[in-house]
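Open the structure in your viewer and keep the selection tool ready. The tour goes stop by stop.

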Amino acid sequence: MKLRAATILVAGLLSGAAASAESLRIAVTTSFHNSGLSDILLPEIQEDLDIEVQLLVVGTGQALRLGRSGDADAILVHSRKAEEDFIADGYATHRREIMYNDFVLIGAASDPAGVARASTASEALTLIAGSKSVFVSRGDDSGTHKAELSIWSEAGLNPAGFGDWYRAVGAGMGAALNTASGMDAYILADRASWINFGNKGGLAVLFEGDPKLFNQYAFLPVNPARHPHVKADLAIRLEEWLAGASCARLVDGYRLNGEALFTHNARN
Amino acid sequence: MNELFSGFLEAGRLIISLDGDLAEITLRSLHVTLTAVAIASAIGLPAGGWLAVTRFRWRRHVIAVVNALMGLPPVVVGLIVYILFSRAGPFGVLGLLFTPTAMIVAQIIIVTPLVISISHQAIRELWAEYHDLLISMNASKRQRIATLIYDGRRALLTASLAGFGRAIGEVGAIMIVGGNIDHATRVLTTAIALETSKGNFSLALGLGFILIGLAVAVNVAIHNLLRTERASLW
């Protein structure tokens, strides 16, 4: 038994020791990863820069925590206010806007609150609150959650006072979509996660297109003055690549089920 | 129901096509869990033996605490190990967060109380049987524990296997300290959680059936080895 266990151990150790290129740890949001775009970009980064990017897929809140504690070399998130606080506290020297996608309001195809007829995002949410239709909120301090909260406040409503039709699940985009699908509830999701989601059930996109639903992704390398061990030079090389032409081509050309998801808008 | 069936199909497809990613995460699952169980057994079996043969003032309380720690919530263990290994934490300089080593540490903490508790139960009964013999032979405490562990090895294997069972299916702690990084710290359980969050239930179920199969295979393999041992030695 010992010999057998040892054999399996050695096999496991060997398989774990295969990586050779320099690795860079980046905390990214679930919405970025669930879109499938990372599967396109990572092999290209490996080829062009010889950097093995290790993705930590978390919510924006946790991504910022990882950057603050120096456990990631850079972060790629979408919550401008939180990013600016991050820079103000000295954890990054700058933020580089890379690309954007958009949020969509999803709900049961029968649309009990009639949000499809709304003309703005805040009007759509007001209709949901007025009819007390079940609404699933991420509730995890993620970028999507923050975007949702800012639309509620624009509508002059405070989720803290909502009844039990407002369900804060405290989970990632996929888990929250699973919950919404199970309850035929309304939910705000990023378009990429939605298109890629495999368990749509009776849900459909009911409202989209308001500029308020614009979702900007930015890259923030962790400040080496704060955390001397971070791989700052690799992070800068990656930033230049992300802002560059070959990345733009990949991002703009990325299609999922025939739909374009992201628009590259980095300035050089 | 349909999804359960397509989960079975997916499991079959993954195994037959010898999927490279599947082999990688399966081996990593085994690597992390077997290493953790081996270390936890190296600590837990002697500790269980020591608890059985030693009398001291707070013994009953220590045993009660160890028994309670069997129910240690993995997600809390994960969070504590995370904070300790974070760059901002006391062991941050080691740079171990989000590596298989951190996952092994978390699993050792989860599994060790289980191994101590079960081995203590097993050795206590054996000790009642061997007590007079070992005392009359004037065996030292170390010799007593070694004898009890050797003669109780079959029951003690149950302690290690229970530890293996708890660790191989564990997701809360290793998700936090490992980060579920593709090609670095992704294992079967965290891959299942990821695919579930993407709504890919059939792939998630397929991986789940493979995980269950793996646990059964390891247990069957060890029990078969044990039977040959009994034929020659017992």
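A residue counts as exposed if 12 or fewer other C-beta atoms lie within 10 Å of its own, and as buried if there are 20 or more. Keep that cut-off in mind for several stops. Remember too that this is a predicted model.

**Stop 1: a loop residue in chain A.** Select Asn257(A). It sits in the loop between strand S10 (255–256) and strand S11 (259–260) of chain A. Asn257(A) has 7 C-beta neighbours inside 10 Å, so it counts as exposed. Now check its backbone. Phi of Asn257(A) is near 50°, a positive value in a residue other than glycine.

**Stop 2: a loop residue in chain B.** Move to His183(B). This residue belongs to the loop between helix H8 (172–178) and helix H9 (188–197) of chain B. Here, too, phi is positive in a residue other than glycine: for His183(B) the value is near 60°. Is His183(B) exposed or partly exposed? With 17 C-beta neighbours inside 10 Å, His183(B) counts as partly exposed.

**Stop 3: a helix pair in chain B.** Select residues 100–136 of chain B, helix H5, and add residues 153–168, helix H7. Their axes come within 8 Å and cross at roughly 155°. H5(B) and H7(B) are therefore roughly antiparallel to each other. The crossing of H5(B) past H7(B) is right-handed. Next, show the side chains in the contact. On the H5(B) side, look for residues including Ile110(B), Leu114(B) and Ile118(B). Facing them in H7(B) are residues including Ala155(B), Ala159(B) and Gly163(B). Colour the contact by class: 11 residues are nonpolar, five are polar and one is charged.

**Stop 4: a helix pair in chain A.** Go back to chain A and select helix H3 (37–49). Add helix H11, residues 245–253 of chain A. H3(A) and H11(A) pack at an angle of about 160°, and their axes are 10 Å apart. The pair is therefore roughly antiparallel. H3(A) and H11(A) make a right-handed crossing. Which residues of H3(A) meet H11(A)? They are Leu37(A), Ile40(A), Leu41(A), Glu44(A) and Asp48(A). Their partners in H11(A) are Ser246(A), Cys247(A), Leu250(A) and Val251(A). By class, this contact of H3(A) with H11(A) has six nonpolar, one polar and two charged residues.

**Stop 5: the loop after H3(A).** Select Asp50(A), in the loop between H3(A) and strand S2 (51–58) of chain A. Asp50(A) has 12 C-beta neighbours inside 10 Å, so it counts as exposed. Leave aside neighbours within four places in sequence, and Asp50(A) is in contact with Ala21(A) and Glu22(A). Now draw a distance line from its C-alpha atom to that of Val134(A). The two residues are 84 places apart along the chain, and these atoms are separated by 48 Å.

**Stop 6: where the chains touch.** Show both chains. In the contact, 26 residues of chain B touch 29 residues of chain A. On the chain B side, helix H2 (20–53) and helix H10 (201–233) are the elements that give two or more residues. H2(B) provides the largest share, eight residues. Sorted by class, the chain B side has 13 nonpolar, eight polar and five charged residues.

**Last stop: confidence.** Colour chain A by pLDDT. The mean is 88, and 93% of the residues of chain A reach 70 or more. Then select residues 8–19 of chain A, where pLDDT is below 50. Beyond near neighbours in sequence, this stretch has 18 contacts in the model. Where pLDDT is low, the predicted coordinates should not be read in detail.

Key: Residues numbered from 1 in each chain as written. Chains lettered and ligands numbered in written order. Predicted model: local features only at pLDDT ≥ 70, side-chain atom pairs only at ≥ 80, totals over all residues. pLDDT = per-residue confidence, 0-100. Contact = placed C-beta atoms within 7 Å. Helix = DSSP H or I, 4+ residues; strand = E, 2+ residues; numbered from the N terminus. Axes fitted to C-alpha atoms, helices over the stretch in contact; angles between N-to-C directions. Parallel < 35°, antiparallel > 145°, perpendicular 65-115°, else oblique. Left-handed = near helix turned anticlockwise from the far one by under 90°. Nonpolar A, V, L, I, M, F, W, Y, C, P; charged D, E, K, R; others polar.
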